[in-house]
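Work through the following exercises with the sequence and the model open. Each task is followed by a solution in steps.

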Amino acid sequence: MEKKNILSVRNLKVSYKVYGGRSKVVNGICIDVPSGGRVGLVGESGCGKTTSLKAILGILPSAGVVEDGEIRFDGKDVREMSGAEIDLFHRRGAGMIFQDPSAALNPVFTIEKQLVTGLRYSFEDKVSRKEVYDKVVQALYEVSLPDAERIMKSYPFQLSGGMRQRVCIAASLAADKKLLLADEPGTALDVTIQDQILRLMNSLVEKKGLSMVMVSHSIGVIREVTEYVYIMYAGMIVEHGRTKAVFHDPKHPYTKALMECVPKLTGDGISSGIEGRIPDYLNPPDGCRFSPRCKYATDECRNTVPEMTEVEEGHQTACFMLRR
Ligand SMILES: Nc1ncnc2c1ncn2[C@@H]1O[C@H](COP(=O)(O)OP(=O)(O)OP(=O)(O)O)[C@@H](O)[C@H]1O
Ligand SMILES: [Mg+2]
């Protein structure tokens with residue numbers, strides 16, 4: 001039987017108000033996250049991954065506008081939630097782990113002060129300070145920071161980058177949220193530490209039965225830890241399906257090109273193996289946004305947006321070539 005989706009995003013469109021008009025970044029994406037499932041979101045820098053996650057959580061910066069779409073969390077449309085419901089959604093429903101842990105931690109408070117206070121807010125002060133303290137210690141232990149007492153008394157600058165990232169993950173875990181949106185956690189760190197952190201997160205998510213969306217440039221990690229994957233290009237999902245199927249037999253020319261650059265992948269350059277660059281979002285192409293870079297593009301591709309088509313069960317791609 002189909003698993004229930006904890007998150008279901010339909011036709012999400014997000015733009016930014018910028019000088020000269022609207023930058024139409026996210027252009028009608030659909031993403032499903034099954035309850036307890038782990039879903040990867042992959043695409044080169046600037047394709048709109050962070051924008052999508054922030055739109056889902058309702059934490060876009062003021063220039064960001066959700067133009068259209070439906071974001072259902074546990075069956076409820078986030079865009080139609082009341083203030084109190086949104087509050088609950090943020091406290092107990094879904095949380096985000098940011099790319100840069102320093103930005104997520106306040107430099108002037110100790111870890112104890114921020115984590116315990118933050119968590120008491122999450123639990124609406126229904127849990128005693130002592131219980132919250134113990135939960136935080138437990139969470140720090142789970143993210144392999146056994147020296148919890150010392151960490152609690154430290155200020156963020158007294159910890160290494162990897163430790164700060166672990167603290168952020170601990171903060172998300174301790175709040176018992178159902179869905180974690182992990183936005184390239186650890187990109188600011190070196191590659192081995194980053195991989196360690198992603199694997200650690202994955203094992204905790206699995207152990208606790210949480211659901212997760214993981215954004216990563218590391219195709220290797222995505223392949224290893226996610227069950228489903230969405231390939232994003234310039235604000236559109238071009239292919240999705242079971243991770244194994246998509247990686248084993250990619251269908252979309254963009255996914256194929258991505259896979260071909262895998263050995264060259266590092267934090268800074270997914271696009272190194274694909275000619276050209278992401279289009280200008282103020283004036284994006286009318287048809288398929290990948291068409292200017294696609295060696296197979298025809299007039300149809302340049303003029304009409306291709307719809308998602310099933311290429312095998314549960315594996316879909318948006319490309320005219322696969323219909324011909
Ligand atoms: N506050 C903003 N105002 C205007 N444009 C923005 C804003 N934030 C992001 N953008 C633009 O939206 C596009 C997508 O950015 P986003 O951060 O979502 O990409 P990303 O896929 O997360 O990239 P990366 O892999 O580098 O983190 C970019 O062109 C970016 O310049
Ligand atoms: Mg990003």
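## Exercise 1: Glu142

Glu142 is found in helix α5, which covers residues 129-142. The model used here and in the other exercises is predicted.

Task: Decide whether Glu142 is buried or exposed, and list which residues Glu142 touches, leaving out those up to four places away in sequence.

Solution.
- Step 1. The relative accessibility of Glu142 is 15%.
- Step 2. Buried means under 20% relative accessible area, so Glu142 counts as buried.
- Step 3. With residues up to four places away in sequence set aside, Glu142 touches Leu200, Leu204, Lys207 and Lys208.

## Exercise 2: Asp74 and Lys4

Task: Find how far apart the closest N and O atoms of Asp74 and Lys4 are, and state which parts of the chain the pair links.

Solution.
- Step 1. Side chains of opposite charge can pair when their charged atoms come close.
- Step 2. The closest N and O atoms of Asp74 and Lys4 are 3.4 Å apart. The cut-off for a salt bridge is 4 Å, and Asp74 forms one with Lys4.
- Step 3. Asp74 sits in the loop between β4 (64-73) and β5 (76-77), while Lys4 belongs to the segment before β1 (5-18). The two are 70 residues apart, and the pair links distant parts of the chain.
- Step 4. Asp74 has a relative accessible area of 33% and is partly exposed, whereas Lys4, at 54%, counts as exposed.
- Step 5. A network of salt bridges links Lys4, Asp74 and Lys178.

## Exercise 3: Two further pairs

Task: For Glu67 with Arg22 and for Glu224 with Arg199, give the N to O distance and place each residue in its element.

Solution.
- Step 1. A salt bridge joins the side chains of Glu67 and Arg22, at 2.7 Å from N to O.
- Step 2. Glu67 lies in strand β4 and Arg22 in strand β2 (residues 21-34), so this pair ties together parts 45 residues apart in sequence.
- Step 3. Both ends are partly exposed: Glu67 has a relative accessible area of 40%, and Arg22 has one of 36%.
- Step 4. The side chains of Glu224 and Arg199 also meet in a salt bridge, with an N to O distance of 2.5 Å.
- Step 5. Here the elements are helices: α9 (residues 219-225) holds Glu224 and α8 (residues 191-208) holds Arg199, so parts 25 residues apart in sequence are tied together.
- Step 6. Arg199 counts as partly exposed, at 33% relative accessibility.
- Step 7. The full count comes to 19 salt bridges.

## Exercise 4: The surroundings of ligand 1

Task: State which residues come nearest to ligand 1, how much of ligand 1 the protein buries, and which element gives the largest share of the shell.

Solution.
- Step 1. There are 15 residues around ligand 1, and Ser45, Gly46, Lys49, Thr50 and Thr51 come nearest.
- Step 2. An N or O atom in the side chain of Thr50 is 2.7 Å from an oxygen atom of ligand 1. For a polar side-chain atom of Thr51, the distance to a ligand 1 oxygen is 2.5 Å. For an N or O atom in the Glu184 side chain, it is 3.2 Å.
- Step 3. Ligand 1 taken alone exposes 640 Å², and the protein buries 68% of that.
- Step 4. Two or more residues of the shell come from each of β1 and α1 (49-57). The largest share, three residues, is from α1.
- Step 5. Sorted by class, the shell has six nonpolar, seven polar and two charged residues.

Key: Residues are numbered from 1 along each chain as its sequence is written. Chains are lettered from A and ligands numbered from 1 in the order in which they are written. This is a predicted model: local features need pLDDT of at least 70, side-chain atom pairs count only at pLDDT 80 or more; totals for chains, interfaces and linings use all residues. Side-chain values use heavy atoms; hydrogens and water are left out. Helices (H or I, at least four residues) and strands (E, at least two) are DSSP runs, numbered from the N terminus. Buried means under 20% relative accessible area, exposed over 50%, partly exposed in between (1.4 Å probe, protein chains only). A residue is near a molecule or strand if one of its heavy atoms lies within 4 Å of it. A polar contact is a pair of N or O atoms within 3.5 Å; within protein, one must be able to donate a hydrogen and the other to accept it, and residues adjacent in sequence count only if both atoms are side-chain atoms. Accessible areas come from the Shrake-Rupley method with a 1.4 Å probe; for residues, only the protein chains shown count as cover. Ala, Val, Leu, Ile, Met, Phe, Trp, Tyr, Cys and Pro count as nonpolar, Asp, Glu, Lys and Arg as charged, and the others, Gly among them, as polar. Contact means heavy atoms within 4.5 Å.
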